Every structure is written in structure tokens, then in C-alpha cells.
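This is a tutorial dialogue on reading a structure. Please look through the sequence and the coordinates before going on.

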2 protein chains.
Amino acid sequence: MPSSLELLKRRLAETNALSSAISLMGWDQQTYMPRGGAEARAEHLGLLSQMAHEIFVSSETGELLEKAQSEAESEEDRALLRVVGRSYRQSTKLPVALVAEKSRLSAQAHEAWVEAKEASDFKSFAPILERMFEIAREEAEHFGYEHHIYDALLDLYEEGATAAECEAMFAELRGPLIELVRAIQESGRQTDDRFLTGDWPRDKQADFTELLVRGIGFEMSRGRQDVAPHPFCTNFSINDVRLTTRFMPNLTYAIFGSLHEAGHGLYEQGSPQAWDRTPLAGGVSLGIHESQSRFWENIVGRSKPFWQHYLPELQKTFPQLSGVDLATFYRAINRVEPSLTRVEADEVTYNLHVLIRFEIECAILTGKLRVSDLPEAWNAKMEEYLGVTPPDDARGCLQDVHWSMGSIGYFPTYTMGNLLSFQFLAAMQQDLPETDALIAEGRFEPILRWLQEKIYQKGSSVPPKELVLQVTGKPMGASDYLAGICRKYEDIYELDRAPVKA
Amino acid sequence: MPSSLELLKRRLAETNALSSAISLMGWDQQTYMPRGGAEARAEHLGLLSQMAHEIFVSSETGELLEKAQSEAESEEDRALLRVVGRSYRQSTKLPVALVAEKSRLSAQAHEAWVEAKEASDFKSFAPILERMFEIAREEAEHFGYEHHIYDALLDLYEEGATAAECEAMFAELRGPLIELVRAIQESGRQTDDRFLTGDWPRDKQADFTELLVRGIGFEMSRGRQDVAPHPFCTNFSINDVRLTTRFMPNLTYAIFGSLHEAGHGLYEQGSPQAWDRTPLAGGVSLGIHESQSRFWENIVGRSKPFWQHYLPELQKTFPQLSGVDLATFYRAINRVEPSLTRVEADEVTYNLHVLIRFEIECAILTGKLRVSDLPEAWNAKMEEYLGVTPPDDARGCLQDVHWSMGSIGYFPTYTMGNLLSFQFLAAMQQDLPETDALIAEGRFEPILRWLQEKIYQKGSSVPPKELVLQVTGKPMGASDYLAGICRKYEDIYELDRAPVKA
């Protein structure tokens, strides 16, 4: 007779099969699905998600989980029970009616958001957004929290993270970043990146970005790259990881989009083979995931050594660029300029965009800001932190998809990823001081191997805070990021100022 | 409170979502999936198929089906209950252990078949094939049959069809076809088709075949065409129909592969919108389905009027062909020559290949032939009907994938499709005598509209035999096919002989 643990694993295999199907349907929807397929796809996705949810939250799962506790003998099995127990508690804490309402509202909200954004008409979206925030509040109450309502929501995306930590993180970042941006603007040394915009043949963009992602170690026999309007990375097992990228007049969209998604992809491909198709496979949290996409996109991909290696290849692919020297190219891909849109923001201003969203989410959740006043609050903060004011809400508070999906409490994980990418780099350089030289030679294996050993091979088995401690010897902080960012941009913009304390 | 019929429909929506996911996984497996994804995909497909099966065969489905009988008020609902009742009875007649064994054996058999084919080593495959035929025998006993064990298996693919009908059908075809092949060979007027082989750029093959399938009316907003090693058509709803094709040195593979699959695709796209995601949507049987793929591939696609319209376009795409005149091109794409392989066979010899498989299946199922003697029997029949002897079993009895999948009783539907394509044409020409002129002008709408009205709009609601009667006024027969084929090839090969009675 099979043990409860064995039966639980069989049950998880079923939900894994369903969620893999759901992911494939999502991937197809964004890449190849003809327009006509949309209605049936939405219907099918809804039904399969419901089936997966019902199997997972059923009382049988709960009973098996409980009985299996005493059967777990290996560390792996204990980790599995921990991870599954956590999701089970999260999923079962919400009343079925609330889950159903959120699911219906999300579908409706997404459409309303698309229309509102197109028409730059926040008012039409406000009532739905209002209800979405109310649902988030209700969810948080069901999940429970000790200090701040935000904690309950953030924890869904980043286990154990709290609003207090986010406040501390942003408090540490805010002053130095605003200061750095000002220094860059006042330096009068803005870089010229106009040569990055042109008529780049799509097939060459595809070839070159594939060369890059293969180059850093993404295995094409266990993954592929396709084209999607909004790049993402998804996977159906650790041996089938799908990247997407997009081809735009500005060449950097494809290059850094591909490297970013490949960073997510390397993390997924790096899970232990024995854990494939189990809840222990794959990245452990959004923050850690983003640290990997940002590591490969920014720390590796926007470094001078990287282009020391790849610029000749780029120029071979696009002869129009043959007159551009390394220094000019490096400065162009690292141009810092306050802008309206988070997804187009540079490494320095990006976290200020996130800060605005964090502050607004907290303010609405705690009743300090009404949804109807969101545009004014947004614009005021944009002016305060970035010195720019959105000309309309489409380019302002309607720009992100997250809230329409009910993903409230998600944004800070972007900044956590940025911080952690530098914190992991600092730890890596203890073991591997010559990262720059390796990158310049195009030898990414030692770097990838380090990340695999320290992070990827842990899959989801170690909670994010513990993982950060294990890998870097300290909790997440802003110092490595600030030091790295300041050093880099003081050099690029030849800033003559006292080094920032970090 | 929802009615039993309503509850049954909800249940069917779940199995529809699962089978749509399974189809997407299958499509992806053949088109884009990286090598590494194979193991997880097989695992996921197995689990989802099992889930769909369990939901469908559960006693709840049976009870709902029974109670719903008295609730059906529309003709549609009655058709739905008939169709679902039939599948339910089929699925529940088999013991779970037998279904599981077949599923396991199929996976094993497929691999064994691939290896045996590569090594042309029938002996290594024989024991598994032996068991596969035993399973088919057991299945047939569970399904039950009145006259011939073959009837029970054939009925799975073609409702109501019998071995006796197949025997009659082949008896009618055999003599005239062998006679026609002999006359062609003795005419000394073999056509030259070497100019069809060349180095055709893949993207141009893609463009041209897309032009063709769009041209005949396949809607790309509700479907698409990709590349696969063995072309197929699948769909995830009637508004998301996926064709595949392949690009080979011989240009006809892409052209007629695409037209063939587009024929299947047009049938699927043509179901009533109201029936989407229900068991009433989509083609009713394999024979009727094949009649549509063959109609568009052969009757339309290999006709002279079709190339009167498309040859200039083809020559524009492939300037190498600009010296080829219509008559030469038409003769080349209709070259008749006995060959070793069914899938490469021409319109005339094709059904003789099917006949051999039908006779062998019957002989093994009734114990008249032992699996170990299959190669000899195969080769003897090839020699007798086609005058060619396979040099090895890879090009002989190991060529088809069907038996390794346990699809025994499937082959005759290919010939039914060929016959029905001509029978439907004859009926169409009663209403629309000018089909040739329409095709020559590239005006396929009236032809497609006729097929939609008479066949596609019926979905699966009318059983195949009844459908044939409704559309053509008579049961399926060989006369229209024989008359059409003889007329066409007597013309092409300038045969001087008494017209065949048909």
C-alpha cells in the first residue's frame, strides 16, 4: 500500500500536469495562437485552472499532507512538505466565492484596463480597480498578518518579506538614487544612443539574440526562443524552458529583453533533474528570480567586458554599427534618463518607479489614498522622484498590467531582484574575483556554475531569506547595489563627487 | 437547480478542455518542442489523458446521460446524447486493465517500431505486434460484433462500417485498378516529373503553400500552418485549427501535403459556431474526414483547372519552373507508378496499398495469418497487386506507424475517403455543374459553400452513413471514384481502351 507521501506526490503530479498544460496554453496564446482561438482558449484556461485548484485544495490533499509529515525521511521530502504545506494553507484560506469573484473580475478588469489605457481614461477603470483593491484587502485579512496589511500580500510573491523591510529598502535607496540621477543630469555629459535605433532585420535580431543566450549558457536543446509582444519566460518542465523576445526599431529591446528572459530561463534550467515536475523544481520567489534576470541582463549584459567580447559579433551581424567603438556603445546602452515608463527605465531610475507603486499600494490598502485620487498621487510622485510628469494616465498610472490582474504587492520584488543581483555578484567575486576577465573572454561557464551551485540547484527548497543568507552571509540590503550602481555611473558620466557611502 | 443535461454539458466542457490541452501538447511536440521536453511531455500527456478518461467513464457521466435522455428537447440535444452515448458505451466496455495495458504497450511499441524500421528488423518488433493484435482481438470481443471481428474495430473509426462492406468495396476496386495500372505501364507514355525535384527555398515553399490554403478558403485568422516532419491537422476549437506541412526536395510534398491538411482543416473550421467546444463540433468520422482532405488535395489540387489558375503564381515564386507548360506540369503531378510506400502512392495505386493492409489485418485477427509470417504475406501481396517487391521490411510491412499505436481497423477509412471524395463531387456537380470553370478562375467559394452546407455544418451530428445518403442520395460506392479516376488517367496517359463500366 502506498504511503500518504507517495499518494500526495501522485496528486501533485496531476496538478503539475495541469499547470504545465496551462503554461503551454499561455505561451501559445502569446506566440502563435491565431486571433480566432482567443475565446476557446480563455474558456479552456478557466476550466483547467479550476480543476487544478480543486484538486489541490481538496480535503484529501490536506489529509495526505498531514499524514505525510511523519513519513518524510529525507531533507528533500521535508522541503517538499514545507513548500506544499505553505501553498495549501494559502490556497485554502480564501473562501471559494472570493477566489471566483477575483477570477471573474480579473478577466473583466484586464479588458477594462486595455480599453482605459488606449483611451487614457482612468475614470472608466477606477470602479473596477477600486473593487480589485477591496478584494486584495479581503484576501489579506483571510491570509492574516502581524504588522501591516501589505505583508500578507507581499508574502505571496516573496515568502517572509514585509512592508517594513520594503520601507527600509526604499528609504536606503531613495536619497542616493535621486542624488545620482541629479548628478548625471547636471553633468552635461548625456550619452547619444540614437545609433541604436534603425531598421534592424528581424531574422538577424533573432540570430544575434540566440547567439547571446546560447553564449551565456542557455541550453537550446532544453528550451527555445520565440517572439512575443511582451517578452516573458515560461516553462513546462525544467527541460523545456521557453524564452520570448521582441524586435523593435531600438535594438536594445531584443538584446536586453532576451538576456533578461534568459536569466529567468537559466534559473529554471538549473534545477536538479531529480526534482523535475515537482514543486521543488524552479525558482523559489519572484525576488530571487528577478535577481537572475537582472544579473544576466544588467550586470553581465550591460557591462563593458561583455561588449568587448560581443561587439565585433554584433557589428558582423549589423554592419551599420561597424563605426561604433566600445566606449560609445557601452555609454549608449547605459544611458540614464528619467522617463515615464517603468519597463523602459534604466538601471538607476528603475527602482524609483517601483517605489512609487509601492507607496501607492500601501496608501490605498491602508485607506490613506482613494483610488479616484490615484492619478494625482501618481503624477505628484513622478514629479517628486523623477522630475517628469506624465502627460496622460496612459503613460502614467495606467501603464502597468499588474493591478488589473489583481497582482497587488508584486512590484517590490522587482527592486529586490535589482538589489540581490548585486549582492550575489559581491558574494560571487569572493570566490571568483576575475568575473570581468571571464566575461570579456566570453567564458560564462564559471559564473553560471557558481550560480547553479549556490542558487539554481536549490530549486524552491530553501526559502528566499534563508537562501540569501546562505549565499551572501547577510540579509538582503541595498549597499552592494548602491555601491555598484554609483561606481558604474560615476565612471560613465565622469561624475566628480564624493563616493557614496554604502 | 441545473438539469442533468446541463450537468452533463458542464462535465463535457471539462473533458473538452483537457482534450484541447492534450491536442495542443501534441501539436507543440511535433512542431516547436525542444528535444529535452520529450520526457516531461510524455508524462504530462499520460496523466491528462487518464484524467480525461476517468472523468468521462465515471458512473456520474453514465447516470447523467441516462437522466438527460428525457430532457433533450432540441434535435441538437438529441444528437449530442447520441454521440456522447456512443463514446461512453465504447469507453466503458473495455476493462481498465486492458486500457492501461494498451496504453503502456503503445508507448513501448512505438519505440520498438522506430528501431525495427531503422534496422529493417521485423523480428524484433514481431512479439510486441503479436500482443498488439491480441489486444485488438480482446477489445473487439469486449465491444461485441454481429458478423466479423473486424466490424468491432472498424466501427471505432467509421461508425457502422463493416468488414463485409470493405470486402465489397475492395472487390469492386481491385480488378479495375490493377487493370488501369497495367494499361498505364503498357502505354509507354510515362510522364517526366524530375523537374519537380530541386533546391526550393523553404520560406518560398511556406509562402506559396500558405497562398494555396488561403486561396481555397482556409481562414488564417482561425488557424495557421507550421512545419512538422509528418504533416497533420489538429485543432483546439473550431476557431483554432492548425495545419502542418513539410519542405522536401520534391516540391509536391509541400503543395499536396498542405492542400491535404487544409482539406481536413476546412472541415473543422466549418462546424457551426454554436457547437464549438462540444462533441458535436468537428468531423464525424475518419472516412468523411479523409474525403475532404482528398477532395481538396486530389480533386481540386491535382486538377488541370487548378494549375491553370496557380501555375503562373508558382512560376513567379520559383522562376526555375517558368519553362514548364501547364500540360507538362499537370502530367507530372499526376504520374502513376507502382511504388513501395503508401504515403507516396499516387491516386490510382493508393487504394491497392490499403487493400493489402485490410486483408492482412483480417487474416491476423481471424487467425489465418501468424504475425511472424506477416513479411512474406505482405511482399506476396505487393507483388500480386502492384508488381513490386519490397527490398526490405522497412520499405515493406514496417512502413506504417498505425499498428504500433494499436490502430488496427483504421486503414480502410483512407479508401473510403478516396471513394467519397468522388461521390461528393458527383453530387456537387448536380447543383454546381461548373466546378471546373470555378476552379480555373480560382473561385473556390461556391465549392466550399456547398461542402459547408451539405457536410461541414453537420459537424458530428449526423452519422457517416446517413450523411452520405443525405448528401449523395446513395450509400458509399466505388463507381464515381472509378469513373473519375479512369477518365482522368485515360486522358493523361492517352489510353486507348474501352471505357470501364462504373
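The turns below take up the interface, the salt bridges, the nonpolar cores and a few single residues.

Q: What should be known about the model and its numbering before reading it?
A: This is a predicted model, in which local features need pLDDT of at least 70, side-chain atom pairs count only at pLDDT 80 or more, and totals for chains, interfaces and linings use all residues. Residues are numbered from 1 along each chain as its sequence is written, chains are lettered from A and ligands numbered from 1 in the order in which they are written, and side-chain values use heavy atoms, with hydrogens and water left out.

Q: How many residues of chain B are in contact with chain A, and how much area do the two chains bury between them?
A: Contact means heavy atoms within 4.5 Å. By that rule 38 residues of chain B are in contact with 38 residues of chain A. Buried area is the accessible area (1.4 Å probe) that two parts lose on being put together, summed over both. For chain B and chain A the figure is about 2,900 Å², with 65% of it on carbon and sulfur atoms. In chain B, the residues that lose the most area to chain A are Tyr32(B), His44(B) and Arg277(B), together 19% of what that side buries.

Q: How many polar contacts join chain B and chain A, and which elements supply the side of chain B that touches chain A?
A: A polar contact is a pair of N or O atoms within 3.5 Å; within protein, one must be able to donate a hydrogen and the other to accept it, and residues adjacent in sequence count only if both atoms are side-chain atoms. Between chain B and chain A there are twelve residue pairs in polar contact (both at pLDDT 80 or more). Helices (H or I, at least four residues) and strands (E, at least two) are DSSP runs, numbered from the N terminus. The elements of chain B that give two or more residues to this side are helix H1 (4-31), helix H2 (38-57), strand E1 (223-227), strand E2 (233-237) and strand E3 (240-245). H1(B) supplies the largest share, eleven residues.

Q: Which salt bridges should be examined, and how many cross the interface of chain B and chain A?
A: Side chains of opposite charge can pair when their charged atoms come close. A salt bridge is a side-chain nitrogen of Lys or Arg within 4 Å of a carboxyl oxygen of Asp or Glu. The structure holds 74 of them over all chains, and the rule finds eight across the interface of chain B and chain A. One of the pairs is Asp240(A) with Arg41(B), whose closest N and O atoms are 3.7 Å apart. The pair joins two chains because Asp240(A) lies in strand E3 (residues 240-245) of chain A and Arg41(B) in helix H2 of chain B. Buried means under 20% relative accessible area, exposed over 50%, partly exposed in between (1.4 Å probe, protein chains only). Asp240(A) is buried at 1%, and Arg41(B) is buried at 3%. Asp240(B) also forms a salt bridge with Arg41(A), the closest N and O atoms being 3.7 Å apart. A network of salt bridges links Asp28(A), Arg41(A), Asp240(B) and Arg242(B).

Q: What is the setting of the salt bridge between Glu313(A) and Lys316(A)?
A: Their side chains meet at 3.8 Å, N to O. Glu313(A) and Lys316(A) are three residues apart in helix H12 (residues 304-317) of chain A, so they are separated by about one helical turn. Glu313(A) is partly exposed, at 28% relative accessible area, whereas Lys316(A) is exposed, at 62%.

Q: How many residues does the largest nonpolar core have?
A: In soluble globular proteins, nonpolar side chains tend to be buried together. A nonpolar core is a set of buried Ala, Val, Leu, Ile, Met, Phe, Trp, Tyr and Cys residues joined through side-chain atoms within 4.5 Å. The largest has 131 residues, and those with the most contacts inside it are Trp296(B), Phe306(B), Trp307(B) and Leu314(B). Apart from it lies another core, of 130 residues, among them Ile128(A) and Tyr330(A).

Q: Where is Arg277(B) placed, and what is its phi?
A: Most residues other than glycine have a negative phi. Arg277(B) has a positive value, near 65°. Its place is in the loop between helix H10 (251-269) and helix H11 (286-300) of chain B, and Arg277(B) is partly exposed, at 23% relative accessible area.
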